[in-house]
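Biologist: Please take one part of this model and go through it closely. I would like the salt bridges, and then the helices around them.

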Amino acid sequence: MARVMAAAGAGDAVPARVSELRDFWRLCKPNVMQLVLFTSAVAIYLAPADVHVLLDFTALLCIALGAAAAAAINNSFDADIDLRMARTRLRPTASGRIEPAEALAIGVTLAILAVMLMGLALSWLAAALLAFTIAFYVLVYTVWLKRRTPQNIVIGGAAGALPPMVGWAAVTGGMDLLPVVMFAIIFLWTPPHFWALALYRTGDYARVGVPMLPVVAGRRRTLNHILAYTALTVLMSLLPVPLGLAGPIYALAAVGLGVGFLFDVVRLWRQDRDVLAMRTFRYSILYLFLLFGAFALDRFVLGLGLG
């Protein structure tokens, strides 16, 4: 970032600062953070805890800082391959607007701040889970799995599935079945969601040597895996109803959204077109947002849930 300021004239100081803030925002992967915060917020809303709204906000702030920390460190480590991929070449670390070492320092600082604030303000169990989530994403997924195995996104997906458990623990100080089921839904949802994108971007991953499933196993096997994991996701999404963790609004949403998800995936499985892969990827994001929104709607309209 210092290079940006040095290159700018005195009259360009304000635009340069705006550019720096924009680069910092992009470093934190805001699109990913939105889904993390939403699923966490739903868990916090459903949790059986009577805490001040300021503490709810603090829990979400800590989770946001933790997600930003993980993203910054990931960008630092992946700057070399991000530069050579069409989807990521404009990331601040790939383009040189933020040095990888600077991104690493930002990430570590945010991680420490997030974990300490979570522990001091809310729950040390939540702080430990948040620290584990960050470490898992950085060390297990980014450093160990991503460049070594096509199962990278399957195992690494646990990091993206943990935030609802972190949010629940933050406001209750404990754990229960519902956040564990939420974790399982997101964990099973992650592979078909990401593999749909990987089908669309297979050339990118092949170019940089990242062994995503379409690269090492081919498109047909990837499509088979997408179909299997989608079916498991839909089945898992129905489990809260017989367990008494959700009611009829959620049940209708889970069935309808699940049918839509399976329809998209089956169409992709039969036709295998890039445009359908991208459509499936986009629908999977909407699917998870609406599914978790249905959890909250059940509680809001019918007073259901554990809270």
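What follows is one request for a close look and one connected answer.

Biologist: Which residues does Arg147 pair with and link up with in the predicted model, and what do the helices α7 and α8 look like around that part of the chain?

Modeller: The model is predicted, and side-chain atom pairs were counted only at pLDDT 80 or more. A search of the whole structure finds 9 salt bridges. One of them joins Arg147 to Asp80, with the closest N and O atoms 2.9 Å apart. This pair connects distant parts of the chain: Arg147 sits in the loop between α8 and α9, while Asp80 belongs to helix α5 (residues 79-82), and the two are 67 residues apart. Neither partner counts as buried, because buried means under 20% relative accessible area: Arg147 is partly exposed at 28%, and Asp80 is partly exposed at 43%.

Two other salt bridges can be set beside this one. Asp82 pairs with Arg91, the closest N and O atoms being 3.3 Å apart. Here both partners are buried, Asp82 with a relative accessibility of 1% and Arg91 with 18%. Asp274 pairs with Arg219, and their closest N and O atoms are 3.2 Å apart. That pair also links distant parts of the chain, with Asp274 in helix α17 (residues 274-302), Arg219 in helix α15 (residues 219-238), and their positions 55 residues apart. Asp274 is partly exposed, with a relative accessible area of 35%, and Arg219 is partly exposed as well, with 26%. Returning to Arg147, salt bridges with shared partners join Asp78, Asp80, Lys146 and Arg147 into one network.

Next comes helix α8. Helix α8 covers residues 124-145 and bends by about 30° at Phe136. Phe136 is one of the buried residues of α8, which also include Ala126, Leu129, Leu130, Ile134, Val138, Tyr141 and Leu145. The list of buried residues in α8 has Thr133 and Thr142 in it too. The buried residues of α8 pack against α4 (53-77), α7, α9 (152-156), α10 (158-161) and α11 (163-172).

Helix α7, one of those packing partners, also contributes to the surface. Leu104, Val108, Ile112, Met116, Leu120 and Trp124 form a nonpolar surface patch, with about 600 Å² of accessible area together. Helix α7 (residues 100-121) supplies the largest share of this patch, 5 residues. Leu120, in helix α7, is exposed, with a relative accessible area of 65%. Met116 also lies in helix α7 and is partly exposed, at 37%. Along that helix, Met116 and Pro100 are 16 residues apart in sequence, and their C-alpha atoms are 24 Å apart in space.

Helix α3 (residues 30-46) gives a check on helix geometry. Its 17 residues should span 24 Å at 1.5 Å a residue, and the end C-alpha atoms are 24 Å apart, so the expected and modelled spans agree. The buried residues of α3 include Pro30, Met33, Leu35, Val36, Val42, Ile44 and Leu46. Thr39, Ser40 and Ala43 are buried in α3 too.

Notes: Residues are numbered from 1 along each chain as its sequence is written. This is a predicted model: local features need pLDDT of at least 70, side-chain atom pairs count only at pLDDT 80 or more; totals for chains, interfaces and linings use all residues. Side-chain values use heavy atoms; hydrogens and water are left out. Patches are made of residues with over 30% relative accessible area and no salt bridge: like charges are joined within 9 Å, nonpolar side chains (Val, Leu, Ile, Met, Phe, Trp, Tyr) within 5 Å. Accessible areas come from the Shrake-Rupley method with a 1.4 Å probe; for residues, only the protein chains shown count as cover. A salt bridge is a side-chain nitrogen of Lys or Arg within 4 Å of a carboxyl oxygen of Asp or Glu. Helices (H or I, at least four residues) and strands (E, at least two) are DSSP runs, numbered from the N terminus. Buried means under 20% relative accessible area, exposed over 50%, partly exposed in between (1.4 Å probe, protein chains only). The expected span of a helix is 1.5 Å times one less than its number of residues. The bend at a residue is the angle between axes fitted to the seven residues ending there and the seven starting there. Contact means heavy atoms within 4.5 Å.
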